[in-house]
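Please look over the structure shown below. The report after it deals with a sheet, a helix, a cavity and a buried residue.

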Amino acid sequence: MAFASCVTSKKVNYLQEPTKHNKIPSYADTLDYEEYKLRVGDRLYIYVYSLDQNIMRMYNAGTGSTSRNQMMQQMQYSGGRTTNELYSYLIDKEGNIDFPTIGKVQVLGLTTRETKRLMEEQLSSLLKEIPGYSTISVEVMVMQRTFSLIGVKSGRYPIDKEKLTIFEALAMMGNLQPFSDRSQVKIVREVNGETEIKTFDLRSKDIINSEFYYVQPNDIIYVRELRGKTFGITSAGAGVAVVSATLSFGVFVYTIVATGINHVKKYYPSK
């Protein structure tokens, strides 16, 4: 029973070549990374750049260009909602943000690059009538982008780059535990407004070309435990201990049985 539940390298190693012998599946080359499209409830960080300091102060909460990095650090590390909400714009249930001097701006379903161009066009159109107008540039970022892991090692983790691979996500988590079932990993993901549950084998080399390679914002990754964890052997020392204990118990049982048989033969000889 103990040896049947051993955690072998086949069960935990990544990037294994898919074959019929090792029962690791192959995946078709379906890698087609799409930029994240804004959803209701997302919060956007929008920063306006201009040579006109009055415009900078008007749209950037009066902070000025020199304090932009400090403001980003506050939003990332403050841990509270007050600072985040002060410098961000919530996408409401109609898909709009409410931006100063412009009003409602429809951004639902756009990427951050498309939103950047839209904001630059609308602000330029509004401000070009001002004497001494200078060209402006807009920076747009999605705040509080995270993915979640549940199962044997639960937690919520930030997505701090545009493309986060599944292996980078594992590194952020400190990798999975030895008894994590890498062959049946499930992802709960929103696709075109629909929630889908997809299953894949994390050990397969082919996932680097599949839809499972990049982690999307709001993904929920579920990893269950391997069967037989209670009796698992995770090291050579543990294996030796199990074998020694098993042999000792077997010798003990054999000694008792042999002693009983000899006792019966001695005092109750067969006729």
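## The β6–β7 hairpin

In this predicted model, Ser148 has Arg156 of β7 as its bridge partner. The strands β6 and β7 are joined by 4 bridges and run antiparallel. Together β6 and β7 make a hairpin, with 3 residues between the two strands.

## The five-stranded sheet

The hairpin strands β7 and β6 belong to an open sheet of 5 strands with mixed pairing, in the order β7-β6-β12-β9-β10. The edges are taken by β7 (155–158) and β10 (194–200); each has a single partner strand, so one side of each is left without a neighbour in the sheet. On average, neighbouring strands of this sheet are turned by 20° against each other, direction ignored.

At the β10 end, β9 (residues 185–191) is joined to β10 by 7 bridges, and these two strands run antiparallel. Glu190 has Thr195 of β10 as its bridge partner.

## Helix α6 across the sheet

Helix α6 lies across three strands, β6 (146–151), β7 and β12. Relative to β6, α6 runs at about 70°.

## The second largest cavity

The model has 2 cavities of 30 Å³ or more. The second largest has a volume of about 30 Å³. Which residues line this second largest cavity? They are Leu149, Ile166, Leu170, Met173, Leu176, Val185, Leu202, Ile221 and Val223. By class, this lining consists of 9 nonpolar residues, with no polar and no charged residues.

Two elements, α6 (166–173) and β12 (220–223), each supply at least two residues of the lining. The largest share, 3 residues, comes from α6. Helix α6 therefore both lies across β6, β7 and β12 and gives the largest share of this lining, where no charged residue is found.

## Thr115 in helix α5

Thr115 is placed in helix α5 (residues 112–127). Is Thr115 buried or exposed? Its relative accessible area is 0%, and because the limit for a buried residue is under 20%, Thr115 counts as buried.

Leaving aside residues up to four places away in sequence, Thr115 touches Leu38, Leu44, Val107, Leu110 and Val140.

Key
Residues are numbered from 1 along each chain as its sequence is written. This is a predicted model: local features need pLDDT of at least 70, side-chain atom pairs count only at pLDDT 80 or more; totals for chains, interfaces and linings use all residues. Side-chain values use heavy atoms; hydrogens and water are left out. On a 1 Å grid over the protein atoms alone, a cavity is a set of points where a 1.4 Å probe fits but cannot get out, and a pocket is an open set with protein on both sides within 12 Å along at least five of seven lines; lining residues have an atom within 4 Å of a point. Grid points are joined across faces, edges and corners, and a volume is the space filled by probe spheres set on the points. Ala, Val, Leu, Ile, Met, Phe, Trp, Tyr, Cys and Pro count as nonpolar, Asp, Glu, Lys and Arg as charged, and the others, Gly among them, as polar. Buried means under 20% relative accessible area, exposed over 50%, partly exposed in between (1.4 Å probe, protein chains only). Contact means heavy atoms within 4.5 Å. Two strands pair if DSSP finds at least two bridges between them. Axes are lines fitted to C-alpha atoms, for helices over the stretch in contact, and angles run from 0 to 180 degrees between N-to-C directions.
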